[in-house]
Amino acid sequence: MVKHKFLHRVAVFLVVALSAAALANQASAQTTDSSDLSTQEVTAAISDAAPVALTGAANVTTDTVGAAAIDTTVSGVAVEVPTNPAAGIQIDPVGATPGIVVGLPSAAEADRAQVVQTGVVAYSNNDGSTTVPVVKDNGSVSINTVISEAAAPETYAYPLTVPDGARLELTTDGGARVVGADGEQVAVVAAAWARDAAGNAVATHFEAAGTTLTQVVEHRADGVQYPVSADPWWGRQFKVSSTTANRIAALLNMGAGISGIAAAICGPVPCSIAWGVAAGIMAIGSGVIGWCNARGRGININVAWSGHVWCTSR
């Protein structure tokens with residue numbers, strides 16, 4: 001995979017949604033081993049547990065002939081998904097070097113990749129779970145886990161290869177982040193969450209050890225109805241107050257340029273990357289900013305590896 005020279009900090013983003021879907025008819029029912037799941041069943045399982053997981057899968061060459069099942073550049077992000085899961089997923093945003101490698105759960109015991117559809121492969125972990133990476137057309141990568149039996153693990157570890165001097169740490173809101181050697185936030189994962197088939201919350205949390213992030217999903221707890229889905233989001237996320245969001249919308253309505261928007265967000269967004277984020281906000285438009293702030297609680301500004309910017313409600 002081609003490595004890109006470092007041009008600007010704003011490109012250093014990681015979006016990897018790590019999701020777990022536990023599948024069974026009843027919590028106590030006998031289920032089939034994940035090695036028996038067909039690719040069609042894997043697709044159906046993910047679609048049922050987390051309908052958005054396969055949305056936006058990239059239309060890219062996907063096969064299991066060589067070392068890489070997927071080796072492509074999407075929206076300015078070079079992504080290599082290996083045939084052998086032990087190699088990990090390489091993600092190189094344009095303008096950043098070195099890239100980040102995301103290790104996969106149970107990779108040493110897992111089978112080689114099987115093609116699910118374009119942009120999507122699956123690795124049977126031979127432990128009642130299947131890991132399913134999805135390369136998205138916005139340059140992000142979703143890493144889903146399908147749990148096909150109650151005997152499957154409740155912990156899913158993602159060892160990260162990060163830039164020199166960077167560290168992984170948990171955040172007070174239940175999420176985690178990677179902080180660079182200079183103290184700046186490199187990547188963030190939103191607070192862990194999981195829900196069962198009835199829409200009830202399932203106990204879940206993150207643990208960090210070194211540069212390995214582990215999600216614990218307590219899917220064996222009494223009363224949990226399967227399937228259970230968990231979907232943390234990796235990237236950069238900045239919390240903006242309702243007052244600042246309204247100011248951004250007003251500036252956009254008045255035709256303010258990038259410099260004006262950058263000045264408005266400098267603070268909630270590190271000033272060193274505010275210019276690049278401001279360009280993305282201008283592409284969103286005032287209407288979307290207003291919609292995200294409809295509840296008057298402020299907004300989250302999310303930034304993907306590719307530099308794609310979008311907002312969500314707080």
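1. Let me start with the packing of H3 against H4 in this predicted model. From H3, the residues Ile258, Ser259, Ile261, Ala262 and Ile265 take part, and they meet Ala274, Trp275, Val277, Ala278, Ala279, Ile281 and Met282 of H4. H3 covers residues 258–265 and H4 covers residues 274–284; their axes come within 8 Å and cross at roughly 115°. That angle makes H3 roughly perpendicular to H4. As for handedness, H3 passes H4 in a right-handed crossing.

2. H3 has a second helix partner to look at. Helix H2, residues 242–253, has an axis that comes within 10 Å of the H3 axis, and the two cross at roughly 175°. H2 is therefore roughly antiparallel to H3, since an angle over 145 degrees counts as such. On the H2 side the contacts come from Thr244, Arg247, Ile248, Leu251 and Leu252, which meet Gly260, Ile261, Ala264 and Ile265 in H3. Do have a look at Ile261 and Ile265 while you are there: both are in the set that meets H4, and both are also in the set that meets H2.

3. Now the disulfides. How many does a search of the whole structure find? There are two. Counting the bonded cysteines along the chain, the pattern is 1-2, 3-4. I take the two pairs in turn below.

4. The pair Cys266 and Cys271 deserves a careful look, with sulfur atoms 1.6 Å apart. This pair counts as a disulfide because its sulfur atoms fall within 2.5 Å. The torsion about its S-S bond is about 80°, so this disulfide is right-handed. Are these two cysteines buried or exposed? Neither label fits: Cys266 is partly exposed at 33% relative accessibility, and Cys271 is partly exposed too, with a relative accessible area of 49%.

5. The other disulfide joins Cys292 and Cys311, whose sulfur atoms are 2.1 Å apart. Its S-S torsion is also about 80°, so this disulfide is right-handed as well. What does this pair tie together? Cys292 lies in helix H5 (residues 286–292) and Cys311 in strand S20 (residues 309–313), so the link connects parts that are 19 residues apart in sequence. Both ends are covered: Cys292 is buried at 1% relative accessibility, and Cys311 is buried with a relative accessible area of 8%. Buried here means under 20%, so the values of 1% for Cys292 and 8% for Cys311 qualify.

6. Two residues caught my eye for their backbone. Most residues other than glycine have a negative phi. Ser106, however, has a positive phi near 55°. Ser106 sits in the loop between strand S5 (100–102) and strand S6 (114–117), and is partly exposed, with a relative accessible area of 27%. Asn126 is not a glycine either, yet its phi is positive, at about 60°. Asn126 belongs to the loop between strand S7 (120–124) and strand S8 (129–135). With a relative accessible area of 37%, Asn126 is partly exposed. Both are worth a glance in the viewer.

7. A further loop to visit is the one between strand S14 (194–195) and strand S15 (204–209), which holds Ala197. Which residues does Ala197 touch, leaving aside its neighbours within four places in sequence? The contacts are with Gln225, Tyr226 and Pro227. For Tyr226, the C-alpha atoms are 5.3 Å apart in space, while Ala197 and Tyr226 are 29 residues apart in sequence. Ala197 is partly exposed, at 46% relative accessibility.

8. Finally, the whole chain. The protein has five helices and 20 strands. Of its 314 residues, 52% count as buried. Among contacts between residues at least 6 apart in sequence, 59% join residues at least 24 apart. The pair Ala197 and Tyr226, 29 residues apart, is in contact and so passes that 24-residue mark. At the surface, the protein exposes about 13000 Å², with carbon and sulfur atoms supplying 51% of that area.

Key: Residues numbered from 1 in each chain as written. Predicted model: local features only at pLDDT ≥ 70, side-chain atom pairs only at ≥ 80, totals over all residues. Heavy atoms only, no water. Buried < 20%, exposed > 50% of the residue type's maximum accessible area, 1.4 Å probe, protein only. Helix = DSSP H or I, 4+ residues; strand = E, 2+ residues; numbered from the N terminus. Contact = heavy atoms within 4.5 Å. Areas by Shrake-Rupley, 256 points an atom, 1.4 Å probe, with all protein chains shown as cover. Axes fitted to C-alpha atoms, helices over the stretch in contact; angles between N-to-C directions. Parallel < 35°, antiparallel > 145°, perpendicular 65-115°, else oblique. Left-handed = near helix turned anticlockwise from the far one by under 90°.
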